[in-house]
Amino acid sequence: MTRRQTLQRIRNIHPIEDLFFKRRTLFGVDSTAYEQRPVDQDTYNLSRYVGSSTRTELDSVELRFLEDYIGEKTIERRLKRPNCSLFLARETKGGEPVGFYWSVYTNNTPVWHDSFRIPPGSGLVFNAYVAPPHRRQGIYRLLQGACHNYLFNTAGCEQVFTIVEDRNTASMRANEKFGLQIKGKNYLIKFLSINILSVIEMSTDRQTYFVLPKGDIR
């Protein structure tokens with residue numbers, strides 16, 4: 001991560017939300033309600049790296065783009081997992097990477113990521129990013145469609161979740177516009193930015209988890 005990006009993140013820290021108590025909304029859609037989305041576009045094309053991949057499968061331009069925003073070790077950990085996939089958007093002309101989205105799914109046992117318990121038979125899309133000069137060009141929706149198509153049609157998920165911080169109003173609107181439904185809320189109790197408890201409310205059910213020892217795919 002560059003120094004400029006690090007400084008920008010520090011400036012954007014919210015003293016309550018990021019350090020002690022964060023409110024998040026759980027969006028989702030079931031397989032019976034989801035309609036496959038087109039992912040063909042003249043201006044941008046998609047690359048997909050599905051489970052048990054290695055960083056050597058990415059070309060140098062893709063790798064440099066990802067490392068600027070995620071970091072080399074995180075990329076390697078995610079790619080090598082059989083249930084974790086990367087969707088990367090690039091300009092058709094010139095090949096410049098412009099955005100990415102990740103997904104993870106589980107078939108038989110729960111999987112933890114970002115302090116959220118992904119139920120069996122479900123998927124989670126996470127860590128979306130679109131480069132500022134290319135925003136409002138439909139890239140996020142393109143990536144959303146690619147992730148959901150894969151999780152439902154190939155991975156066999158019964159439902160797919162998306163977690164959005166309540167203060168991220170742009171992402172809230174984008175997910176609603178994509179057709180996702182609000183499935184519940186997630187509250188993170190933190191201590192100096194470290195997640196301690198995760199409260200998940202879905203329908204009339206509320207579960208509280210101690211998340212410090214929970215493994216995830218960061």
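Is R136 buried or exposed? I looked this up before anything else. R136 is exposed, because its relative accessible area is 85%, and exposed means over 50%. I note that the model I am reading is a predicted one.

**Entry: R136 and its loop**

I found R136 in the loop between β7 and α4. Its phi is positive, about 65°, although R136 is not a glycine. I then looked at A131, which lies in the loop between β7 and α4 as well. A131 counts as buried, because its relative accessibility is 8% and buried means under 20%. I also checked A131 against F100. They are 31 residues apart in sequence, and their C-alpha atoms are 9.2 Å apart in space.

**Entry: S115**

Next I looked up S115. It is not a glycine either, yet its phi is positive at about 60°. S115 sits in the loop between β5 and β6. Is S115 buried or exposed? I have it down as buried, since its relative accessible area is 10%.

**Entry: the chain as a whole**

I stepped back to the whole protein chain. I noted five helices and eleven strands. The chain has 218 residues, and buried residues make up 46% of them. I then looked at contacts between residues at least 6 apart in sequence. Of these, 66% join residues at least 24 apart.

**Entry: the nonpolar cores**

Which residues touch the most other members of the largest nonpolar core? I wrote down L66, L86, F100, W102 and F116, out of 28 residues in that core. Several elements each supply at least two residues of this core. Among them are the helices α2 (60-69) and α3 (72-80). The strands β3 (84-91), β4 (97-106) and β7 (122-130) are also on that list.

I followed L66 in detail. Setting aside residues up to four places away in sequence, L66 touches L58, G71, I75, L86, L88 and F100. L86 and F100 therefore appear twice in my notes, as contacts of L66 and beside L66 among the residues that touch the most other core members.

I also recorded a second, separate core, which has 27 residues. It includes L143, A146, Y150 and V164.

**Entry: V164 and T25**

I took V164 from the second core and looked closer. V164 is found in strand β8. It counts as buried, because its relative accessibility is 2%. The C-alpha atoms of V164 and L26 are separated by 6.6 Å, although the two residues are 138 apart along the chain. Which residues is V164 in contact with, leaving aside its neighbours within four places in sequence? I listed R24, T25, F27, S171, M172 and N175.

T25 was on that list, so I turned to T25 next. T25 belongs to strand β1 (residues 21-30). It counts as buried, at 2% relative accessibility. Apart from neighbours within four places in sequence, T25 is in contact with T162, I163, V164, D166, M172, I182, G184 and K185. M172 is thus a contact of T25 and also of V164. For G184 I noted a C-alpha separation from T25 of 6.2 Å, with their places 159 residues apart along the chain.

**Entry: S193**

S193 lies in the loop between β9 (181-191) and β10 (194-202). I put it down as partly exposed, because its relative accessibility is 41%. I compared its position with that of F21. The two residues are 172 apart along the chain, and their C-alpha atoms are separated by 8.7 Å.

**Entry: helices α4 and α5**

Last, I looked at a pair of helices. Two packed helices are described by the angle between their axes and the distance between the axes. Helix α4 covers residues 139-153, and helix α5 covers residues 169-178. Their axes come within 11 Å and cross at roughly 55°. That makes α4 oblique to α5. I noted the crossing of α4 past α5 as right-handed.

Which residues of α4 and α5 make the contact? On α4 I found Y140, R141, Q144, G145 and H148. On α5 I found S171, A174, N175, K177 and F178. I sorted the residues of this contact by type: three are nonpolar, five polar and two charged. S171 and N175 were already in my notes as contacts of V164.

Notes: Residues numbered from 1 in each chain as written. Predicted model: local features only at pLDDT ≥ 70, side-chain atom pairs only at ≥ 80, totals over all residues. Heavy atoms only, no water. Axes fitted to C-alpha atoms, helices over the stretch in contact; angles between N-to-C directions. Helix = DSSP H or I, 4+ residues; strand = E, 2+ residues; numbered from the N terminus. Parallel < 35°, antiparallel > 145°, perpendicular 65-115°, else oblique. Left-handed = near helix turned anticlockwise from the far one by under 90°. Contact = heavy atoms within 4.5 Å. Nonpolar A, V, L, I, M, F, W, Y, C, P; charged D, E, K, R; others polar. Core = buried A, V, L, I, M, F, W, Y, C linked by side-chain atoms within 4.5 Å. Buried < 20%, exposed > 50% of the residue type's maximum accessible area, 1.4 Å probe, protein only.
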